[in-house]
Amino acid sequence: MDKITFTAQAADAGLRLDSFLAEKAGALSRSRAKSLIKEGAVTIDGIATDDPRRAVIAGSVYALDLPAPVPAVPEPEDIPLDILFEDAHLIIINKPSGMAVHPAPGSWDGTLVNALLHHCEGQLPGIGGVERPGIVHRLDKLTTGVMVAAKTEAAHTGLSALFAEHDIERSYLALTRGAPRPLAGTIDEPIARATGDRKKMAVVRNPDGTHGREAITHYKALETFGLRDKGTGLPAAALIQCTLETGRTHQIRVHMSHVGASLIGDPVYGRSRGITAWGSGEGYDFAKQAARAFERQALHAAVLGFVHPITGENLRFEAPLPDDMAGLLAALRRLPGDIRD
């Protein structure tokens with residue numbers, strides 16, 4: 001256990017105790033400082049206090065007993081990681097399909113957290129008092145692409161603020177059944193838990209007083225493939241670039257389904273596994289078979305950009321399409337009648 005002490009200056013007088021400690025300690029969030037105060041880890045002039053709202057008094061000496069991080073519940077596992085960047089504060093990885101981010105029912109091991117606990121062994125001073133990586137955003141188990149995790153509490157606090165303020169560049173690539181109309185635009189529709197299935201999300205428009213959380217997706221069709229039918233001239237499939245302004249659970253999957261362009265392979269928000277394409281020939285058969293056989297939602301986190309919360313460096317990372325999506329894209333390109341950006 002480490003003890004750190006601070007003597008309050010005139011400029012500190014009147015501050016909340018938890019805010020004062022978070023500011024002075026540097027690597028603590030205010031919520032963590034509040035928890036430590038309530039746990040009896042803080043003294044003022046040698047007298048313990050458990051009131052995080054207590055006003056700071058100039059000249060008083062504040063001591064904080066910072067406990068050593070306790071072992072994380074998940075076990076470290078030696079799982080190979082595709083690391084795009086790493087320093088003392090952050091690690092950026094290209095997550096494969098099939099890897100859950102957190103341990104949960106059905107995926108208690110083999111997760112990104114298990115892998116990071118092994119890879120970062122001895123480098124995690126403790127986030128919230130627990131020896132663990134700081135996860136500030138997630139990708140679905142079957143979604144691939146760029147993710148960031150914090151290795152220190154200061155980096156975790158800074159990243160959390162960036163995500164909360166939507167000050168992050170996040171761009172995804174999706175392959176969809178059909179294409180949205182128009183081919184470029186913004187979907188500004190709130191999302192909440194589906195009333196009939198708590199594992200699903202849905203666009204809500206307050207029909208019964210239920211309010212969803214704000215969800216905004218900017219999208220653009222980079223390519224369209226084939227024709228869905230002879231009469232309408234609508235595309236059979238599309239490659240869509242989605243840029244997130246918010247980050248809700250299943251946001252892209254829900255929004256694309258809402259505008260009639262569910263993701264190929266999505267078993268939750270799509271009505272069927274394959275695509276409907278008008279025409280005949282080897283290219284049609286190949287494309288339709290590839291779409292029908294695709295075993296996950298065709299979604300990839302392609303770009304992640306942000307300002308490093310500690311160094312202030314501008315960071316931007318790109319991950320190419322994984323092999324399965326690249327193969328599906330090649331198959332769809334065998335359908336005639338496409339647009340390309």
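User: Why is the crossing of H1 and H2 called right-handed?

Analyst: In this predicted model, the crossing of H1 and H2 is right-handed because, of the two helices, the near one is turned clockwise from the far one by less than a right angle (an anticlockwise turn would make it left-handed). The axes of helix H1 (residues 17-25) and helix H2 (residues 30-38) come within 8 Å and cross at roughly 120°. Here an axis is a line fitted to C-alpha atoms over the stretch in contact, and an angle between N-to-C directions runs from 0 to 180 degrees.

User: What makes the contact between H1 and H2, and how do its residues divide by class?

Analyst: H1 contributes Leu17, Asp18, Ser19, Leu21 and Ala22, while H2 contributes Arg30, Ala33, Lys34 and Ile37; contact means heavy atoms within 4.5 Å. These residues divide into 5 nonpolar, 1 polar and 3 charged. Asp, Glu, Lys and Arg count as charged, Ala, Val, Leu, Ile, Met, Phe, Trp, Tyr, Cys and Pro as nonpolar, and the others, including Gly, as polar.

User: On what basis were these values obtained?

Analyst: Residues are numbered from 1 along each chain as its sequence is written, and side-chain values use heavy atoms, without hydrogens or water. In this predicted model, local features need pLDDT of at least 70 and side-chain atom pairs count only at pLDDT 80 or more, while totals for chains, interfaces and linings use all residues.

User: How do you know that H6 and H7 are roughly antiparallel?

Analyst: The axes of helix H6 (residues 282-293) and helix H7 (residues 323-332) come within 8 Å and cross at roughly 150°. An angle over 145 degrees counts as roughly antiparallel (under 35 is roughly parallel, 65 to 115 roughly perpendicular, and the rest oblique); H6 and H7 are therefore roughly antiparallel to each other. Their contact is made by Phe286, Ala287, Ala290 and Ala291 of H6 with Leu328, Ala331 and Leu332 of H7. By class, that contact has 7 nonpolar, no polar and no charged residues. The crossing of H6 and H7 is left-handed.

User: What makes a space a cavity, and how many of 30 Å³ or more are found?

Analyst: On a 1 Å grid over the protein atoms alone, a cavity is a set of points where a 1.4 Å probe fits but cannot get out, whereas a pocket is an open set with protein on both sides within 12 Å along at least five of seven lines; a lining residue has an atom within 4 Å of a point. The search finds 1 cavity of 30 Å³ or more. The largest cavity has a volume of about 30 Å³, the space filled by probe spheres set on grid points joined across faces, edges and corners. His137, Val146, Arg170, Tyr172, Ala301, Val303 and Leu304 line this cavity. E9 and strand E15 (299-307) each give two or more residues to the lining, with E15 supplying the largest share, 3 residues. Strands are DSSP runs of E with at least two residues, and helices are runs of H or I with at least four, numbered from the N terminus.

User: Which residues lie nearest the centre of the largest pocket?

Analyst: Arg138, Leu139, Asp140, Thr249 and His250 lie nearest its centre, among 41 lining residues. The largest pocket holds about 1,200 Å³ of space. Its lining has 19 nonpolar, 12 polar and 10 charged residues.

User: What makes the backbone at Pro182 and His166 notable?

Analyst: Most residues other than glycine have a negative phi, and most peptide bonds are trans. The peptide bond from Arg181 to Pro182 is cis, with omega near 0°. His166, a residue other than glycine, has a positive phi, near 60°. Pro182 is in the loop between E9 and strand E10 (184-188), and His166 is in the loop between H4 and E9.
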